[in-house]
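Please look at the sequence and the structure below before reading on. The paragraphs after them are meant for someone who has not seen this chain before.

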Amino acid sequence: MACPTKRPGSDNWYFRKRIPADVQAILAKLPKAQRPANWYKDQISISLGTADRSAAKARCPDVAAQVERTMATLRAGPKGHRLGP
């Protein structure tokens, strides 16, 4: 699994995952305002909102599931759905 990880200088744990190339191509065509929050050019980095590793590990599956749903929505194409949580 892609998480949890820590960023230097932060106490909080993060979900971090590389964005697949096909999804990167889709995101590149979207205006910045329509891109999901915390999705960057080639990676996703979402704060799990805790400094406790066991709590972060418990939150990871929910965040990962949301990320996968968002990727599926992006791959399915425009249908008027809003992206992100």
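The text goes from the overall layout to the core, and then to a few single residues.

This is a predicted model. The chain holds 2 helices and 3 strands. Read from the N terminus, the order of these elements is β-β-α-β-α. Of the 85 residues in the chain, 31% are buried. The chain exposes about 5600 Å², and 52% of that area is supplied by carbon and sulfur atoms. Contacts can also be sorted by how far apart the partners are in sequence. Among those in the chain between residues at least 6 apart, 58% join residues at least 24 apart.

Next comes the interior. In soluble globular proteins, nonpolar side chains tend to be buried together. The largest nonpolar core in this chain has 18 residues. Phe15, Val23, Leu27, Trp39, Ile44, Leu48 and Val67 are the ones with the most contacts inside this core. Which elements give two or more residues to the core? They are β2 (13–18), α1, β3 and α2 (53–76). The largest share comes from α2, which supplies 7 residues.

Aromatic residues such as Phe15 and Trp39 appear in that list of core residues. A pair of aromatic rings is described by the distance of the centres and the angle of the planes. With ring centres required to lie within 6.5 Å, the count of aromatic pairs comes to 0. Another ring, that of Trp13, has a charged partner: Arg53 lies over its face, at 5.2 Å from the ring centre.

Trp13 also takes part in the surroundings of Thr50, a residue in the loop between β3 and α2. Is Thr50 buried or exposed? Its relative accessibility is 11%, so Thr50 counts as buried, the limit for that class being under 20%. Leaving aside neighbours within four places in sequence, Thr50 is in contact with Asp11, Asn12, Trp13, Ala55, Ala56 and Arg59. Within its own stretch of chain, the side chain of Thr50 reaches the backbone nitrogen of Asp52 at 3.0 Å.

The last residue is in another loop. Asn38 lies between α1 (21–29) and β3 (43–47). What is the phi of Asn38? The angle is positive, about 70°, although Asn38 is not a glycine. Asn38 counts as partly exposed because its relative accessibility is 35%, and that class runs between the 20% limit for buried and the 50% limit for exposed.

Notes
Residues are numbered from 1 along each chain as its sequence is written. This is a predicted model: local features need pLDDT of at least 70, side-chain atom pairs count only at pLDDT 80 or more; totals for chains, interfaces and linings use all residues. Side-chain values use heavy atoms; hydrogens and water are left out. Helices (H or I, at least four residues) and strands (E, at least two) are DSSP runs, numbered from the N terminus. Buried means under 20% relative accessible area, exposed over 50%, partly exposed in between (1.4 Å probe, protein chains only). Rings of Phe, Tyr and Trp (its six-membered ring) pair if their centres lie within 6.5 Å; planes under 30 degrees apart count as stacked, over 60 as edge-to-face and the rest as tilted. A charge sits over a ring if NZ of Lys or CZ of Arg is within 6 Å of the ring centre and within 35 degrees of the ring normal. A nonpolar core is a set of buried Ala, Val, Leu, Ile, Met, Phe, Trp, Tyr and Cys residues joined through side-chain atoms within 4.5 Å. Contact means heavy atoms within 4.5 Å. Accessible areas come from the Shrake-Rupley method with a 1.4 Å probe; for residues, only the protein chains shown count as cover. A polar contact is a pair of N or O atoms within 3.5 Å; within protein, one must be able to donate a hydrogen and the other to accept it, and residues adjacent in sequence count only if both atoms are side-chain atoms.
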